[in-house]
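Trainee: I'd like to go through this one and check what the labels rest on. Can we take the terms one at a time?

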Amino acid sequence: MRPVRILLVAIALLAVGLTGWAFGTRGGGYSAPEATPAPTATTAPPQVEPAAAPAPAPAPGPVDDAPAPPEAGGTPDATAPPVQRPRILGFGSEPVLPTEGAFWQLPSGAGLLTMVLDAPHATRVEFWLTPTGSGISDLSHKIGQDTNGRDGWLFNWHYPSEPILGHLTVRAIGPGGTAEKTVGLYHPTPGEQP
């Protein structure tokens with residue numbers, strides 16, 4: 001944000017300089033225009049021959065070459081790097097879960113699962129659980145999120161002691177868009193061995 005403010009101050013100073021230049025102060029600095037003495041009764045006005053005097057130049061109009069300041073939410077500074085879309089480079093869990101096909105298999109009973117995500121250019125990461133089946137996307141529910149990626153994108157999920165057959169979706173959200181990754185998730189009926 002500071003480079004943008006510096007750029008706007010520089011543009012404002014340039015605009016002030018160009019305005020002074022356009023109003024005729026370019027010849028001898030910023031001095032006031034010379035006053036002509038008022039004619040008195042003893043002095044006659046100077047005679048000017050019409051053919052010898054060139055036509056006076058028109059007064060220059062105001063110059064406004066300075067760009068307007070950007071509006072809120074406007075385009076970014078041209079020197080700023082382009083906004084990049086988040087990417088999901090890795091997604092895992094602690095403890096590492098056994099997989100069966102494309103499904104992670106949770107141990108029987110209730111427990112704690114720490115989900116770990118590597119998502120550059122993200123500002124927020126959401127974790128969603130959706131049951132399997134068709135036409136059930138409205139049954140998706142967010143089980144958590146992380147808004148501080150300085151320590152890595154992590155979420156501790158205390159899963160219940162109930163059967164789960166669904167899809168776990170991680171959504172990395174940033175200024176450049178979103179990225180998603182989905183894995184299957186299976187939690188057996190309590191007492192059932194995997």
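Mentor: Sure. Buried means under 20% relative accessible area. This is a predicted model, and 23% of the chain's 194 residues count as buried by that cut-off.

Trainee: What makes β5 and β8 a pair?

Mentor: Two strands pair if there are at least two bridges between them. β5 and β8 have eight bridges, in the antiparallel sense, so they meet the cut-off of at least two. One of the bridges in question is between E126 and R171 of β8.

Trainee: And how do you know that β5 pairs with β6?

Mentor: By the same reasoning: β6 covers residues 141–146 and is joined to β5 by five bridges, running antiparallel. Five against at least two, so that is a pair. There, F127 stands opposite G144.

Trainee: Why is F127 said to be in contact with F155?

Mentor: Contact means heavy atoms within 4.5 Å, so F127 and F155 have heavy atoms within that distance. Leaving aside neighbours within four places in sequence, the contacts of F127 also include F91, M115, I143 and V170.

Trainee: What makes F127 a member of the largest nonpolar core?

Mentor: Members are buried nonpolar residues joined through side-chain atoms within 4.5 Å. F127 belongs to that set of 25 residues, so it must be buried, under 20%. F127 is also among those touching the most other members, along with F91, M115, L117, I143 and W157. Elements giving two or more residues to this core include β4, β5 and β7.

Key:
Residues are numbered from 1 along each chain as its sequence is written. This is a predicted model: local features need pLDDT of at least 70, side-chain atom pairs count only at pLDDT 80 or more; totals for chains, interfaces and linings use all residues. Side-chain values use heavy atoms; hydrogens and water are left out. Buried means under 20% relative accessible area, exposed over 50%, partly exposed in between (1.4 Å probe, protein chains only). Helices (H or I, at least four residues) and strands (E, at least two) are DSSP runs, numbered from the N terminus.
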